[in-house]
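Colleague: Please show me the model. Then let us talk through its charged pairs and one of its loops.

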Amino acid sequence: MIEMPIRVKLHGRLRIAAGSDQIELPETLTNVGELLEELIRRAGPEARQYVFDPGTKELSPSLIMLVNGHSIRMLVGLNTPLLEKDTVSID
């Protein structure tokens, strides 16, 4: 079986932090929480402040994250499952 990376489109401050408008992450990631941790690991610690609210450690209210065009806030948040053909966009 050929592994297909998960393509993540980045916008705004995360694009600047990562130095790219798109990154590919391993298809072995199973949910949004794992994806965000891997993104922060690759983009650097400054990316954490754009993803998580420093005071509450919850998702930043300004973060817009879509999986296949649907907000993760309307799905199951950090537990939203990922499949290798999913399209993820983060602003």
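Modeller: A salt bridge is a side-chain nitrogen of Lys or Arg within 4 Å of a carboxyl oxygen of Asp or Glu. This is a predicted model, where local features need pLDDT of at least 70, side-chain atom pairs count only at pLDDT 80 or more, and totals for chains, interfaces and linings use all residues. Residues are numbered from 1 along each chain as its sequence is written, and side-chain values use heavy atoms, with hydrogens and water left out.

Colleague: Which residues are linked with Glu-38 in a network of salt bridges?

Modeller: Start with one pair: the side chains of Glu-38 and Arg-41 meet in a salt bridge, 2.7 Å from N to O. Both lie in helix H2, three residues apart (a helix is a DSSP run of H or I, at least four residues; a strand is a run of E, at least two; both are numbered from the N terminus). The network links Glu-38 with Arg-41 and Arg-42.

Colleague: Is Glu-38 buried or exposed?

Modeller: Buried means under 20% relative accessible area, exposed over 50%, partly exposed in between (1.4 Å probe, protein chains only). Its partner Arg-41 has 59%, so Arg-41 is exposed. Glu-38 has 14%, so Glu-38 is buried.

Colleague: Which residue forms a salt bridge with Glu-24?

Modeller: The closest N and O atoms of the pair are 3.1 Å apart. Glu-24 is in strand S2 and its partner in strand S1, so the pair ties together parts 17 residues apart in sequence. The partner is Arg-7.

Colleague: What is the relative accessible area of Thr-80?

Modeller: Thr-80 sits in the loop between strands S4 and S5. Thr-80 is buried, because its relative accessible area is 3%.
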